[in-house]
Amino acid sequence: MFEKESGTTPGVELGSIAERVEIRQAVQRGDVEGAIEKVNDFNPEILETQPHLIFHLQQQRLIEFIRKGQEEEALDFAQEYLAPQGEERPELLEEIERTVALLAFHDAKSSPVGALMDVTQRQKTASELNAAILGSQCQDNEPRLHTLIKLMIWSQNQLDEKCNYPHISDLSTGELTMPKSGQ
């Protein structure tokens, strides 16, 4: 409706937004395997071209096995999928060790690496996957408004060194503050 009234076209296919939301929600609820299937249905090149993303998704799958108390499955999964990646890419070994260390604790959430069990870890993985999908569609990974605000703040900082001008003092209202004389 907005598109019709404003005479504009969306910068992205609207159906892909719903698919991205479904994929993101799958990761956020712990269904990493389902999210991987949806991504591969959507665009298999995303995972084929980003080995670091595949690693993080597999790391999240391991965390989900541990979260469900499936220690045997977690060990099997780590040996089959994560250990080979550690051999191929030694820079991943520390992350693999941190994740597998969760298995050593009776209460993984309270362990020194318990942050991996937090919902924010799911959100981090979901955001990384969402950014990859957006990148595959030649879309910005960051909302335009956020980028514009950062640019405006940077511009104000640059101008502060050179001249007096009305500052935007409250971003939520757009309130301007006049410079004090002598500045």
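Right after helix H5 comes glycine 69, a residue with a positive phi, near 80°. The model examined here is a predicted one, and H5 makes a good starting point for a tour of it. H5 spans residues 51-67. From its first C-alpha to its last, the 17 residues of H5 reach 24 Å, close to the 24 Å expected at 1.5 Å a residue. Most of H5 is covered, with 13 of its 17 residues buried.

A partner of H5 is helix H7, which is formed by residues 93-100. The two helices pack with their axes 10 Å apart and at an angle of about 10°. Because angles under 35 degrees count as roughly parallel, H5 is described as roughly parallel to H7. The crossing of the pair is right-handed. On the H5 side, the contact is made by His52, Phe55, His56, Gln59, Leu62, Ile63 and Ile66. Glu95, Ile96, Thr99 and Val100 contribute from H7. Sorted by class, this contact has six nonpolar residues, four polar ones and one charged one. As general background, an α-helix has 3.6 residues a turn, so residues three or four places apart point the same way.

Beyond H7, the chain enters a loop that leads to helix H8, and serine 111 is found in this loop. Serine 111 has a relative accessibility of 10% and therefore counts as buried, the cut-off being under 20%. Its contacts, apart from neighbours within four places in sequence, are with Leu102 and Phe105.

Helix H8 itself covers residues 119-136. H8 has 18 residues, and the distance from its first C-alpha to its last is 26 Å, close to the 26 Å expected at 1.5 Å a residue. The buried residues of H8 include Leu129, Ile133 and Leu134, as well as Ala126 and Ala132. Gln121, Arg122, Thr125 and Asn130 of H8 are buried too. Just after H8, cysteine 138 has a positive phi of about 60°. A positive phi thus follows H8 at cysteine 138, as one follows H5 at glycine 69.

Stepping back to the whole protein chain, the model contains nine helices and two strands. Along the sequence these elements are arranged as α-α-α-α-α-α-α-α-α-β-β. The chain has 183 residues, of which 31% count as buried. Among contacts in the chain with a separation of 6 or more, 52% join residues 24 or more positions apart.

Terms used:
Residues are numbered from 1 along each chain as its sequence is written. This is a predicted model: local features need pLDDT of at least 70, side-chain atom pairs count only at pLDDT 80 or more; totals for chains, interfaces and linings use all residues. Side-chain values use heavy atoms; hydrogens and water are left out. Axes are lines fitted to C-alpha atoms, for helices over the stretch in contact, and angles run from 0 to 180 degrees between N-to-C directions. Helices (H or I, at least four residues) and strands (E, at least two) are DSSP runs, numbered from the N terminus. Angles under 35 degrees count as roughly parallel, over 145 as roughly antiparallel, 65 to 115 as roughly perpendicular and the rest as oblique. A crossing is left-handed if the near helix is turned anticlockwise from the far one by less than a right angle, and right-handed if clockwise. Contact means heavy atoms within 4.5 Å. Ala, Val, Leu, Ile, Met, Phe, Trp, Tyr, Cys and Pro count as nonpolar, Asp, Glu, Lys and Arg as charged, and the others, Gly among them, as polar. The expected span of a helix is 1.5 Å times one less than its number of residues. Buried means under 20% relative accessible area, exposed over 50%, partly exposed in between (1.4 Å probe, protein chains only).
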